[in-house]
Amino acid sequence: MGFETLLGKTPATLDEIRIRVGHALQRHPLCRNVRFDIVSVPRTARGGNWTISLHAVEPTALWEASDIVADIQAAYDLQVAMA
């Protein structure tokens with residue numbers, strides 16, 4: 001296994017990312033009521049090609065939800081649809 005493989009992101013569809021985020025938020029007691037949307041965005045110089053918009057986050061859950069989302073964003077790349 002090469003070094004690039006260890007640092008690379010796992011390709012996933014929007015639905016797969018939505019499921020992973022939903023399950024991760026549900027596992028944290030403060031984040032169970034967080035609502036979110038996942039949006040595909042153009043790739044930037046920093047990498048990412050998707051983002052999450054958090055809705056209805058209680059103030060006590062804001063940092064935890066943000067950390068959970070950041071970890072998932074660091075792990076997954078939006079899979080490019082094959083034509």
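Arginine 18 is partly exposed, with 35% of relative accessible area. In this predicted model, the arginine 18 side chain forms a salt bridge with aspartate 15, and the closest N and O atoms of the pair are 2.8 Å apart. Side chains of opposite charge can pair when their charged atoms come close. Both arginine 18 and aspartate 15 belong to helix α2, where a spacing of three residues, about one turn of the helix, separates them. The count of salt bridges comes to one.

The chain as a whole comprises three helices and four strands, arranged along the sequence in the pattern α-β-α-β-β-α-β. Of the 83 residues in the chain, 27% are buried. Among contacts with a sequence separation of 6 or more, 50% involve residues 24 or more positions apart. The predictor's confidence averages a pLDDT of 82 over the chain, and 81% of the residues score at least 70. Among the elements of the chain, the highest mean pLDDT, 92, is that of α2, whereas helix α1 (residues 3-7) has the lowest, at 52.

Helix α2, which carries the salt bridge between arginine 18 and aspartate 15, also packs against helix α3. Two packed helices are described by the angle between their axes and the distance between the axes. For α2 (residues 14-27) and α3 (residues 62-75), the angle is about 145 degrees and the axes are 10 Å apart. The crossing of this pair is right-handed. On the α2 side, the contact is made by Arg20, Val21, Ala24 and Leu25, and on the α3 side by Ala65, Ile68 and Ile72. By residue class, the contact of α2 with α3 divides into six nonpolar residues, no polar residues and one charged residue.

Valine 69 is also part of helix α3. With a relative accessible area of 7%, valine 69 falls under the 20% limit and is therefore buried. Beyond its neighbours within four places in sequence, valine 69 is in contact with Ile52 and Leu54. Strand β3 spans residues 50-55. The C-alpha atoms of valine 69 and alanine 24 are 8.6 Å apart in space, although the two residues are separated by 45 residues in sequence.

The loop between α2 and β2 contains leucine 30. This leucine is partly exposed, its relative accessible area being 38%. When residues within four places in sequence are set aside, leucine 30 is in contact with Thr60, Ala61 and Glu64. A C-alpha to C-alpha separation of 8.8 Å is found between leucine 30 and leucine 62, which lie 32 residues apart along the chain.

Two residues were examined in the loop between β2 and β3. Valine 41 is located in this loop, as is arginine 43, the bounding strands being β2 (35-40) and β3 (50-55). Valine 41 is partly exposed at a relative accessible area of 29%, and arginine 43 is likewise partly exposed, at 48% relative accessibility. Apart from residues up to four places away in sequence, valine 41 touches Asn49, Trp50 and Thr51. Leucine 78 provides a common reference point for the two loop residues. The C-alpha atoms of valine 41 and leucine 78 are 9.5 Å apart, with their positions 37 residues apart in sequence. For arginine 43 and leucine 78, the corresponding values are 9.8 Å in space and 35 residues in sequence.

The backbone at alanine 56 was also considered. Most residues other than glycine have a negative phi, and most peptide bonds are trans. Alanine 56, by contrast, has a phi near 55 degrees, a positive value in a residue other than glycine. The position of alanine 56 is in the loop between β3 and α3. With a relative accessibility of 46%, alanine 56 lies between the limits of 20% and 50%, and so counts as partly exposed.

Notes:
Residues numbered from 1 in each chain as written. Predicted model: local features only at pLDDT ≥ 70, side-chain atom pairs only at ≥ 80, totals over all residues. Heavy atoms only, no water. Axes fitted to C-alpha atoms, helices over the stretch in contact; angles between N-to-C directions. Left-handed = near helix turned anticlockwise from the far one by under 90°. Contact = heavy atoms within 4.5 Å. Nonpolar A, V, L, I, M, F, W, Y, C, P; charged D, E, K, R; others polar. Buried < 20%, exposed > 50% of the residue type's maximum accessible area, 1.4 Å probe, protein only. pLDDT = per-residue confidence, 0-100. Salt bridge = Lys/Arg side-chain N within 4 Å of Asp/Glu carboxyl O.
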